[in-house]
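Colleague: Hi, could you walk me through the cysteines and the internal cavities here?

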Amino acid sequence: MQTNRADIGLVGLAVMGQNLALNIADHGYTIAVFNRNPDKTREFIACCERQEPSSERLIGCVDLAEFVRSIKRPRKIVLLVKAGEATDATIEHLLPHLEAGDIIIDGGNAHWQDTTRREKRLSALGFHFIGSGVSGGETGARFGPSLMPSGTFEAWQSLEPIWRDIAAKVDPDTGKPLEGAAPGKPIQGGIPCTAYIGPNGAGHYVKMVHNGIEYIDMQLICEAYWLMKNLLGMNAGEIGKIFEEWNQGELSSYLIEITGDILQQKDPEGDGYLVDKVLDTAGQKGTGLWTAANALTLAIPANAIAEAVYARALSALKDERVSASQMLDGPVVTQESDRKALIEAIRNALFCSKICAYAQGFQLMAEAQIEYDWQLDFGTIAQIWQGGCIIRAGFLRKITEAYHRNPGLMNLMLDPYFKNALHEGQSHWRKAVSLAVANGIPVPAFGSAVAYYDGYRSAFLPANLLQAQRDFFGSHTYERTDQPRGKFFHLDWSSSDRQQNEV
Ligand code: 2AM
């Protein structure tokens, strides 16, 4: 084994690790690979030798010390092992073999607080640690993921050429992802979907918010489908065609595109459409929950993102719902006669709700950067998401443009493009939500998005009464509309003289 030959190393040869290693090799880098179970390494190398054009740039190692020695210094070692304890265990195994200045890059689905903790520990030991969000599933890993790295800037500079090479690329003129990569033939040119996000856990944080947005994006699409099915009696194939049409316009995105395909898929095992046979219970791995929990912690109203998590939780209560459907009544659904008008209303509901959902995600990141001492570049984050990842969409280019127009934008809904879209679409949006409620069809994401819009644009909310209630039972004090902010009052509400005191 020749030492110091590999440009980079990678630990963890499950699906994501294998695909990312091949992506790196396809870009001309020599990469050493290691897996805890050595059989996997041997199988991977043997398989690549049979069918991968870049296999001569893969160095399979079954001994960890040999693996580390085979990498050029300062070493860059990518981890793609199971998030959590496995990541910590792998780092501990690597540490005795590393030398000062070496860089560990965690490309797993780590919680950003774990990344912050690991970065702190490793930097105290003289090593660098980069947490990099990787989005796009196995195809993304193989031919161009969206990459959200954070850590010390020095370490990023060392990693940057490789990360920019392997990332998804978008067309600089249209913002559309460049497609057509094949084994041994990566995409040339284009804007890479990666950039330095910030220190410590910032990259995994941004990846977490990406996933929270992914949850709500998916839920909104499901509600649009459900309204067409229930209010218009359309079958899955017909609805799929509508999504295909929508994919040509402002809603154009990967998720809309695959939804069109999914809905038109016939059941290979029998009659009808496959989607009608898929059990209506959704799983979750936790990143949507992390986003919603963090929004609660930071007191940011990301209610649509949270609703998307709750919607999956409610879907999982299948048996309970089946029983309750026999016991709890609702209105009889009245089918709408004007199909064209309702489809347009639903399209607007989807678009307006999507604006709110993204506004919430970006508002959350804006608060997080203050709370966690980061300086996030929102235009760049939206640009990184334009290719490679699950939420990739033409829409994200509009977000980048909005932040370029005004880097200090308070809320995405206030940007002229999005404001105009909300103004133009809201009567349709309200019609779709009203019809859903009148007919007893659940639309938690559409409904919570419209509540967010209406709440955000309200100069007055009933929190006057709420604060008075708090003062009544808990002496929590209140401010007055006719006094400067910061002056607090308390009334002894239940005593006979009802005296107000400044406190
Ligand atoms: P394995 O093939 O030896 O199980 C995804 O599960 C990847 O994480 C796999 O490469 C797996 O290695 C690795 N992994 C899981 N738990 C691990 C641990 N405790 N230590 C090291 N690698 C682990």
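Modeller: Happy to; cysteines come first, then cavities. This is a predicted model, where local features need pLDDT of at least 70, side-chain atom pairs count only at pLDDT 80 or more, and totals for chains, interfaces and linings use all residues. Residues are numbered from 1 along each chain as its sequence is written, and side-chain values use heavy atoms, with hydrogens and water left out.

Colleague: How many disulfides does the structure hold?

Modeller: Zero, taking a disulfide as a pair of cysteine sulfur atoms within 2.5 Å. For Cys193, the nearest cysteine sulfur is that of Cys389, 7.3 Å away.

Colleague: Is Cys193 buried or exposed?

Modeller: Cys193 is buried, at 0% relative accessibility. Buried means under 20% relative accessible area, using a 1.4 Å probe and protein chains only. Cys389 is buried too, with a relative accessible area of 0%.

Colleague: On to holes: how many cavities of 30 Å³ or more turn up?

Modeller: Two, from a search of the whole structure. A cavity is a set of points on a 1 Å grid over the protein atoms alone where a 1.4 Å probe fits but cannot get out; lining residues have an atom within 4 Å of a point. The largest holds about 60 Å³ of space.

Colleague: Which residues are closest to the centre of the largest cavity?

Modeller: Asp217, Ile221, Ser253, Ile256 and Lys354, out of 13 that line the largest cavity. The α14 element gives the most to that lining, with three residues.

Colleague: And what is the volume of the second largest cavity?

Modeller: About 40 Å³. Its lining includes Asn23, His27, Arg142 and Phe143.

Definitions and conventions. Buried means under 20% relative accessible area, exposed over 50%, partly exposed in between (1.4 Å probe, protein chains only). On a 1 Å grid over the protein atoms alone, a cavity is a set of points where a 1.4 Å probe fits but cannot get out, and a pocket is an open set with protein on both sides within 12 Å along at least five of seven lines; lining residues have an atom within 4 Å of a point. Grid points are joined across faces, edges and corners, and a volume is the space filled by probe spheres set on the points. Helices (H or I, at least four residues) and strands (E, at least two) are DSSP runs, numbered from the N terminus.
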